Amino acid sequence: MAATLQIEQSPHLHSGRTTHKFMFDFKTAIYTLSALVVVMQFLYVLLKLEGTIVEALLVALRALGLILTGGISAIITEGLWWKFAGNNRYQGLAGWFRMNTVNVPAITGVLVALTLPVSTPFYVVLIGSVVAIIFGKCVYGGLGKNIFNPALVGRGFVGLSFGTQISTSYAKFVKSGIDAVSSASPLSVSAILGDGVLKYYEFTDLLKQWSLTDLLLGFHPGAMGEVLSLFIIITFFYLVYKKTISWYVPTIYVGVIFAMTWIVGIMLGLSGDGGLRTLAIYYPIYYILTGGVLFGAVYMLTEPVTSPVTPIGRVYFAIYAAVITFVIRMIGSYPEGVMFSILIMNMFVPLIDNITGNQSRGITWKRVLFFVLTLGVVFGLTIFVGYQLGGSL
């Protein structure tokens, strides 16, 4: 019996992972986080700020409204763009909806909202979502062609344009609670600029306002999605298990920030007294659990379109993003550096792909040299920052 030769188009081998599956797992994580944000905002006002049930409910509804504003405005913006742009790929607005592409801009808009505090005006979220879709995505040709992370483009725009309107205060929402409703976020409180030198609060003073449990559960002022550290960690394991993201990218990013901050803490003489204060362990833990480090590591840094193609390229992408975050946070005038570090590294993705995307196998002298130079940059900047802050070895 003669064998039948069947010839099909490439690819002949497939990992089983598709864009649809990636977006399904990713949007599951994002939408679950959004629902949890609403619940935790309610509990934060009710339990931590000692507000009334009505005040807690109003804050929770406001959080839901901001998230819906970001998602819906992103869907409308991209739909109108392709309607008037006449993109053949989608064949206008009707084709865009038929291809179920509506989920993609919704995620971008929701991410913009989650990177903002609950006190942010609705129009700021709307503008950020529109900018993210148009200038972060559509002008480059749409899904898969954007250079920068769209959500961070929108967040960066409103952060620089409407900085005074973005506040972490709950004072206008909670009238019956404690005085802490008007306090700044832990990351802002942890560093005070004076005489050109950043001076750090002692950890015991910080714990009077926020315990490590508060930092894990999100019971402190900050961006709605970024404060839920514990859930973000759980999400990381879920997305790794589903093979949606690479485990080493967030791990390396967070690990490098942890190590550099740890060394600076030791240089500043913050070790001793036992417990978490031993060897200044509390210092990097506090910096990892505040701000957008975990959020950026899991949801932004792993975005496949704006990150390098090769595994080794993604390693260097994570390392240098961590270095930039560390430098901005420690000696910059801006308390947060995650957003800018990822956007900056997005620009270097073509260069990283060009350097690491060749066909050579094994260890070459160029790879060894680049690795040694990277270690030198990490260690050198750590020591430099430590000395700049008044520390010593």
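## Around Phe 219

Setting aside residues up to four places away in sequence, Phe 219 touches Met 40, Leu 43, Tyr 44, Lys 48, Trp 210 and Asp 214. The model in which these contacts occur is a predicted one. Phe 219 is placed in the loop between H9 and helix H10 (229-241), and with a relative accessibility of 12% this residue counts as buried. A further relation across the sequence is that of Phe 219 to Val 45, since the two lie 174 residues apart along the chain while their C-alpha atoms are 8.6 Å apart in space.

Two of the residues touched by Phe 219, namely Lys 48 and Asp 214, also meet each other through their side chains in a salt bridge, with a distance of 2.8 Å from N to O. Because Lys 48 lies in helix H1 (residues 19-48) and Asp 214 in helix H9 (residues 212-217), this pair ties together parts that are 166 residues apart in sequence. The two partners are covered as follows: Lys 48 is partly exposed, at a relative accessible area of 26%, whereas Asp 214, at 9% relative accessibility, is buried.

## Other salt bridges

The count of salt bridges comes to 3. Side chains of opposite charge can pair when their charged atoms come close. Besides the pair described above, the side chains of Lys 137 and Glu 78 meet in a salt bridge, at 2.9 Å from N to O. Distant parts of the chain are linked by this pair, with Lys 137 in the loop between helix H5 (122-136) and helix H6 (150-161) and Glu 78 in helix H2 (residues 53-85), 59 residues apart. Lys 137 is buried, with a relative accessibility of 2%, and Glu 78 is buried as well, with a relative accessible area of 0%.

Arg 329 and Glu 336 form a further salt bridge, in which the closest N and O atoms are 3.0 Å apart. Both Arg 329 and Glu 336 are buried.

## The nonpolar core

In soluble globular proteins, nonpolar side chains tend to be buried together. In this model the largest nonpolar core has 97 residues, and the members that touch the most other members are Leu 111, Tyr 253 and Tyr 299. Helix H14 (residues 311-331) gives the most to this core, contributing 12 residues.

Which residues does Tyr 253 touch, not counting those up to four places away in sequence? With that exclusion, Tyr 253 is in contact with Val 293, Ala 297, Leu 301, Ala 318, Ala 321, Ala 322, Thr 325, Val 338 and Ser 341.

## Aromatic pairs and helix H12

The structure holds 11 aromatic pairs. One of them is formed by Phe 236 and Phe 237, which are arranged edge-to-face, at 5.2 Å centre to centre and with 65 degrees between the planes. The two rings belong to residues with contrasting cover, for Phe 236 is buried, with a relative accessible area of 12%, whereas Phe 237, at 53% relative accessibility, is exposed. Elsewhere, Phe 26, Phe 295 and Tyr 299 form one aromatic cluster, and Tyr 299 has already been named among the core members that touch the most others.

Helix H12 (residues 282-289) is largely enclosed by the rest of the structure, because 7 of its 8 residues are buried. These buried residues are Tyr 282, Tyr 283, Pro 284, Tyr 286, Tyr 287, Ile 288 and Leu 289. After H12 comes Gly 291, which has a positive phi, near 75 degrees.

## The chain as a whole and its surface

The chain contains 17 helices and 2 strands, and of its 393 residues 51% are buried. When contacts with a separation of 6 or more are considered, residues 24 or more positions apart account for 72% of them.

The accessible surface of the chain comes to about 18700 Å², and carbon and sulfur atoms hold 68% of that surface. A nonpolar surface patch of about 980 Å² is made by Val 54, Leu 57, Leu 58, Leu 61, Leu 64, Leu 68, Ile 72, Ile 76, Leu 80 and Phe 84. Within this patch, Ile 76 has its place in helix H2 and counts as partly exposed, at 46% relative accessibility. Helix H2 is also where Glu 78 lies, the partner of Lys 137 in the salt bridge described earlier, and Glu 78, in contrast to the partly exposed Ile 76, is buried at 0% relative accessible area.

Methods
Residues are numbered from 1 along each chain as its sequence is written. This is a predicted model: local features need pLDDT of at least 70, side-chain atom pairs count only at pLDDT 80 or more; totals for chains, interfaces and linings use all residues. Side-chain values use heavy atoms; hydrogens and water are left out. A salt bridge is a side-chain nitrogen of Lys or Arg within 4 Å of a carboxyl oxygen of Asp or Glu. Helices (H or I, at least four residues) and strands (E, at least two) are DSSP runs, numbered from the N terminus. Buried means under 20% relative accessible area, exposed over 50%, partly exposed in between (1.4 Å probe, protein chains only). Contact means heavy atoms within 4.5 Å. A nonpolar core is a set of buried Ala, Val, Leu, Ile, Met, Phe, Trp, Tyr and Cys residues joined through side-chain atoms within 4.5 Å. Rings of Phe, Tyr and Trp (its six-membered ring) pair if their centres lie within 6.5 Å; planes under 30 degrees apart count as stacked, over 60 as edge-to-face and the rest as tilted. Accessible areas come from the Shrake-Rupley method with a 1.4 Å probe; for residues, only the protein chains shown count as cover. Patches are made of residues with over 30% relative accessible area and no salt bridge: like charges are joined within 9 Å, nonpolar side chains (Val, Leu, Ile, Met, Phe, Trp, Tyr) within 5 Å.
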